[in-house]
Structure formats: structure tokens, C-alpha cells
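Please look through the structure shown here and follow how its charged side chains pair, where empty space is found inside it, and how the chain is arranged as a whole.

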Amino acid sequence: MPPDLLFRGTAPALVTPFTPEGALDEAALERLVDRQIEGGVDALVVLGTTGENPTLTPAERQRVTERAVAHTAGRVPVIVGTGTNNTAESVRFSREAAAAGADALLVVGPYYNKPPADGLVAHVSAIAEAADLPIVFYNVPGRTGQNIPADLTLRLAEEIPHVVGIKEASGDLAQIADVLAHRPQGFAVYAGDDELTLPLVALGADGVVSVLVNALPKKFCQMVHLALNGDVEAARSRHFELLPAMRACFMTANPIPVKMVLAVLGVCEETVRLPLVPPDPRLRWQILSAFKIEANMPAKA
């Protein structure tokens, strides 16, 4: 791996485990971290969308960061989601993550207020100046309501040295190909959609920030490393094997499906915070069927 890449391979967008009563479950968080690292992940991402970060209090965010960093203990880089649509709040969260020992930040495009290009650059610059950590920018227009086009991604990479990569979840292969074709040296491109990991690695991407890997770390990491090592045929076979599970993770709002699967596997509770709710019986059956999990499956409704 080139020394200027934060990681190359797979990073889970970790779920945030809660108790049945809805409190943070720190023991389950540690089990999840261990399971991911033992499964072969190359980094960890905490407090992203999959981590339900909008529903966590500032104190809970800080606690999740501290526990994840401490328990990981340097085994892989820990990337903390600190971006919001409020620059001052993002700066605060980023400083706290840096103080807790995070290795890098995940900064999402500001949602709802939809800033112009200059505002976006100023927002990310303020975070970079405050925290002095590498930043992986996160483009997810399905969540933010605003796509970050290739030219603006490249502007961030060129004007803000702290921006070392992008998690690209636009689903636009042409746009991502433009970033890959023109990115500066050392700028990493990570798939933000599990299903597009193999096509993007074939185009030169450096890996993925994944939802599915929470549940199936070994198989998914193997697929990504096969692809990165040029064994396209084997990677393609694994991709098709995992494809139903990849799609099942988005049969309803993420992370509802993957948390349900983790609960069946005994990793953590399936508790999600409102406005998310558990899946109904029919959807549970569909999700578990896609994962080929038969234990504890409800009767098909």
C-alpha cells in the first residue's frame, strides 16, 4: 500500500449497538470491533450513517469514539464521522475525535442547507484547520439531497491537503470514473455502495466503506482483496455469491436490516432509534433468506 493512503481494502461503516432499552451497548461495540478486525478489515469507520449518528447525543458520540479507539488499540485505523450541516458543530466533533486518538475523519457533504461550492470548500477547510487529521469526504446525495460532482471533489483534493480520499456513494459510475481519472497522487477513492465495489476497484478504486461487512466480514474482505490483487474471476464469483445479501441491506432504511442480521448472529441487539423501526415479519423473512440464515426465521407471512 502506498504510504500516503489511509487504508486500502475494506472498512465497515460500523453500526452503533444499543441495549434493548436504547442505551449505548459498549460491550457489544467492543465485540463488533474485534469481530471486524478478526475478519480482515483494513480500517474502521464509526459514527457514519450506518452508526445512526444523527440520533446520538454529543456525549454518546464522544463515548463511542473513545471506546472504539481504545479497544482497537492501533490494530487498524479508526475513522470517525464528524461531519454535519453545521460547521461549528462539525469543528467541535472533529476536535473531540482528534483528542480521543482518531486516525482520520469522515466528513459528509452538508445536508439540508445545500451550500454552494465555495461554502462547501470553506466548511471542509474549517474542519481541516481545527482538527489537523486526514479527511475522507463522503458524497451521498441520496441522504444529503446534494451531489458533489467530480470537479468539486477534485477541487477539495487539490485545495485542502487534509482531504486524502472520498467515500463515493452517488452510484454514478461516470462521475466516479472522472474522479479516478484525474485524482492527484495519493488521493483514495472508496466505494460507498457495496454492490459497486468490484466495478469501481476494476476502474482503480482503493476499496470500500461497507455496510454488509458488519455481518459477513471474512467473505466480504476476501472479495475486496481478490479484486485489489487482480484476481477478477474469483472476485466476481464472490461478488455474485454475496449480491443478495448486499441488496438485502437496503431492503429498508440502513442500518435496520444489517442490525437485524447481527442480532440473529448474536453480535448485538437489533435495537434502532426512532425514527427507524424494526422490520415487519415479511421483510424479516426476506432479509434472512437473502443472507441464507434459517435459524430463528419467522414463518413467511
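## A salt bridge within one helix

In this predicted model, Arg92 and Glu96 form a salt bridge in which the closest N and O atoms are 3.3 Å apart. Both residues belong to helix α3, which covers residues 87-100, and they stand 4 residues apart, about one turn of the helix.

Are these two partners buried or exposed, or something in between? Arg92 is partly exposed, because its relative accessible area of 43% falls in the range between the 20% limit for buried residues and the 50% limit for exposed ones. Glu96 is also partly exposed, with a relative accessible area of 21%.

## Salt bridges between separate parts of the chain

Side chains of opposite charge can pair when their charged atoms come close. Across the whole structure, a search finds 15 salt bridges, and one of them joins Arg67 to Glu30, with 2.5 Å between the closest N and O atoms. This pair links distant parts of the chain, since Arg67 sits in helix α2 (residues 58-72) while Glu30 sits in helix α1 (residues 26-39), and the two are 37 residues apart.

Another salt bridge brings together the side chains of Glu270 and Arg284, at 3.0 Å from N to O. Glu270 lies in the loop between α11 (256-264) and α12 (281-290), whereas Arg284 lies in helix α12 itself, so the pair ties together parts that are 14 residues apart in sequence. Glu270 counts as partly exposed, at 22% relative accessibility. Elsewhere, Glu26, Glu30, Arg63, Glu66 and Arg67 are joined into one network by salt bridges that share partners.

## The largest pocket

The largest pocket holds about 400 Å³ of space. It is lined by 22 residues, and those closest to its centre are Gly48, Thr49, Asn53, Pro54 and Arg143. Among the elements that contribute to this lining, β4 (104-108) and α5 (141-144) each supply at least two residues.

What is the chemical make-up of the residues that line the largest pocket? They divide into 10 nonpolar, 9 polar and 3 charged residues.

## Two enclosed cavities

Apart from the pocket, a search of the whole structure finds 2 cavities of 30 Å³ or more. The largest cavity has a volume of about 60 Å³, and its lining consists of Leu47, Arg61, Gln62, Thr65, Val80, Thr82, Phe93, Glu96 and Ala97. Helices α2 and α3 are the elements that give two or more residues to this lining. By type, the lining residues of the largest cavity are 4 nonpolar, 3 polar and 2 charged. Glu96, one of the residues in this lining, is the salt-bridge partner of Arg92 described above.

The second largest cavity has a volume of about 40 Å³. Thr16, Pro17, Leu24, Asp25, Glu26, Leu29, Arg63 and Val64 line this second cavity, with α1 and α2 each supplying at least two of the residues. Its lining divides into 4 nonpolar, 1 polar and 3 charged residues. Glu26 and Arg63, which are both in the lining of the second largest cavity, are also members of the salt-bridge network.

## A buried histidine

His123 is located in helix α4, which runs over residues 117-131. With a relative accessible area of 4%, His123 is buried, because a residue counts as buried when this value is under 20%.

Which residues does His123 touch, when those up to four places away in sequence are not counted? They are Thr84, Asn86, Thr87, Ser90, Val107 and Pro110.

## The protein as a whole

The secondary structure of the protein comes to 12 helices and 8 strands, and buried residues make up 55% of its 301 residues. Along the principal axes, the C-alpha trace spans about 55 × 45 × 35 Å. A compact globule with 301 residues would have a radius of gyration near 19 Å, and the protein has 18 Å, which agrees with that expectation.

The contacts give a further view of how the chain is arranged. Among contacts between residues at least 6 apart in sequence, 69% join residues that are at least 24 apart.

Conventions
Residues numbered from 1 in each chain as written. Predicted model: local features only at pLDDT ≥ 70, side-chain atom pairs only at ≥ 80, totals over all residues. Heavy atoms only, no water. Salt bridge = Lys/Arg side-chain N within 4 Å of Asp/Glu carboxyl O. Buried < 20%, exposed > 50% of the residue type's maximum accessible area, 1.4 Å probe, protein only. 1 Å grid on protein atoms, 1.4 Å probe; cavity = no way out; pocket = protein on both sides within 12 Å on 5 of 7 lines; lining within 4 Å. Points joined across faces, edges and corners; volume = space filled by probe spheres on them. Nonpolar A, V, L, I, M, F, W, Y, C, P; charged D, E, K, R; others polar. Rg over C-alpha atoms; globule rule 2.2 N^0.38 Å. Contact = heavy atoms within 4.5 Å.
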